[in-house]
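Please read these notes with the structure open beside you. Each numbered point takes up one feature.

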Amino acid sequence: YQRRVHGYQRRVHGILRNTMILLLLLCIATISCNWKVWEVHEELGYTGCLKESQEVYPRGYLSVGKVDPYYAENIKKLIEARISTTGFMLPCFKCGNPRKQANELMDATPLKERRFFVHVLAGQWGEDKSANRAFLNEIADEFAKKNNEAGIVTNAFHWEKVMGKDCDDFRLLMMFYIDLDKNPSCTDYVPFGGWFFPRAKLIIENDNICGLS
């Protein structure tokens with residue numbers, strides 16, 4: 001198991017750097033994942049090939065502490081294509097000021113009452129777990145102030161490294177778990193962080209979707 005989770009860590013970091021579009025599958029009941037949600041990591045061109053998905057989430061905030069330059073245009077294209085959308089963020093812990101980061105993402109989003117998904121990945125946060133929790137709490141609180149919500153994208157390995165094994169402070173937030181195994185099933189999920197069951201699973205389904213690779 002230890003070798004497996006360390007393998008996931010290396011694969012997650014490599015794939016999130018190099019893979020431009022990932023698939024989130026909604027976990028229904030206890031076994032099936034049949035709700036297609038795409039995570040987009042670059043500029044979208046033609047959106048027709050994404051029509052089969054129920055939602056598309058463009059990357060809205062970069063881990064260097066600024067809004068993704070393609071975000072506003074991607075959101076606009078998805079709205080025009082009548083595809084449900086919201087943004088996700090890779091927060092910049094070292095930049096500080098989590099409320100400012102949350103507001104920058106919201107200000108760049110021409111939609112109201114969204115749920116913005118925050119990636120919690122080891123190596124992108126601080127060493128102090130209490131400080132990490134406080135940082136995430138400020139992001140979530142700032143979203144809530146403007147009638148938005150926070151969601152979480154992580155897995156047990158990353159959550160333990162960043163927030164601590166005992167942290168269930170965010171259990172009421174929607175959570176997508178990462179398991180990049182190309183297997184559209186949620187049967188491999190093991191509860192952590194107070195989430196008895198995830199809302200969706202992040203996998204890789206295709207290496208070339210909408211011309212993105």
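1. The model is predicted, and a count of its disulfides comes to 1. The bond joins Cys92 to Cys95, with a distance of 2.0 Å from S to S. Two cysteine sulfur atoms count as a disulfide when they lie within 2.5 Å, so the pair Cys92 and Cys95 qualifies at 2.0 Å. The torsion about the S-S bond of Cys92 and Cys95 is about 65°, so this disulfide is right-handed.

2. How buried or exposed are the cysteines? Cys92 has 1% relative accessibility and therefore counts as buried. Its partner Cys95 has a relative accessible area of 41%, which makes Cys95 partly exposed. Cys167 is also worth finding in the model: its relative accessible area is 1%, so Cys167 is buried.

3. Next, look at helix α4. Helix α4 runs over residues 129-145 and has 17 residues. From the first C-alpha to the last, α4 reaches 24 Å, close to the 24 Å expected at 1.5 Å a residue. Its buried residues are Asn132, Phe135, Leu136, Ile139, Ala140, Glu142 and Phe143. These cover an arc of only 160° around the axis, so they sit on the same side of α4. Ser130 and Lys145, on the other side of α4, are exposed.

4. What do the buried residues of α4 pack against? Their partners are the strands β6 (88-89), β7 (115-119) and β8 (149-154), together with the helices α3 (98-107) and α5 (156-162).

5. The ends of α4 deserve a separate look. At the N-terminal end, Asp128 acts as a cap: one of its side-chain oxygens lies 2.9 Å from the backbone nitrogen of Ser130. Just after α4 comes Asn147, which takes a positive phi of about 60°.

6. Now the charged residues. Side chains of opposite charge can pair when their charged atoms come close. A search of the whole structure finds 9 salt bridges. One of them is between the side chains of Glu138 and Arg99, at 3.1 Å from N to O. This pair links distant parts of the chain, since Glu138 is in helix α4 and Arg99 is in helix α3, 39 residues apart. Glu138 has a relative accessible area of 30% and is partly exposed. Arg99, at 24% relative accessibility, counts as partly exposed.

7. Arg99 also forms a salt bridge with Asp141, where the closest N and O atoms are 2.9 Å apart. Here too the pair links distant parts of the chain: Asp141 is in helix α4, Arg99 is in helix α3, and 42 residues separate them. Asp141 counts as partly exposed, at 31% relative accessibility. Arg99, Glu138, Asp141, Glu142 and Lys145 are linked in a network of salt bridges.

8. Another salt bridge involving α4 pairs Asp166 with Arg133, the closest N and O atoms being 2.8 Å apart. Asp166 lies in the loop between α5 and β9, whereas Arg133 is in helix α4, so the pair links parts of the chain 33 residues apart. Asp166 is exposed, with a relative accessible area of 60%.

9. Finally, Pro184. Where in the chain is Pro184 found? Pro184 is in the loop between β9 (174-178) and β10 (200-203). With a relative accessible area of 47%, Pro184 is partly exposed. Pro184 and Leu202 are 18 residues apart in sequence, and their C-alpha atoms are 9.0 Å apart in space.

How values were computed: Residues numbered from 1 in each chain as written. Predicted model: local features only at pLDDT ≥ 70, side-chain atom pairs only at ≥ 80, totals over all residues. Heavy atoms only, no water. Buried < 20%, exposed > 50% of the residue type's maximum accessible area, 1.4 Å probe, protein only. Helix = DSSP H or I, 4+ residues; strand = E, 2+ residues; numbered from the N terminus. Expected span 1.5 Å × (residues − 1). Arc of directions from axis to C-beta. Contact = heavy atoms within 4.5 Å. Polar contact = N/O pair within 3.5 Å; in protein donor to acceptor, adjacent residues only side chain to side chain. Salt bridge = Lys/Arg side-chain N within 4 Å of Asp/Glu carboxyl O.
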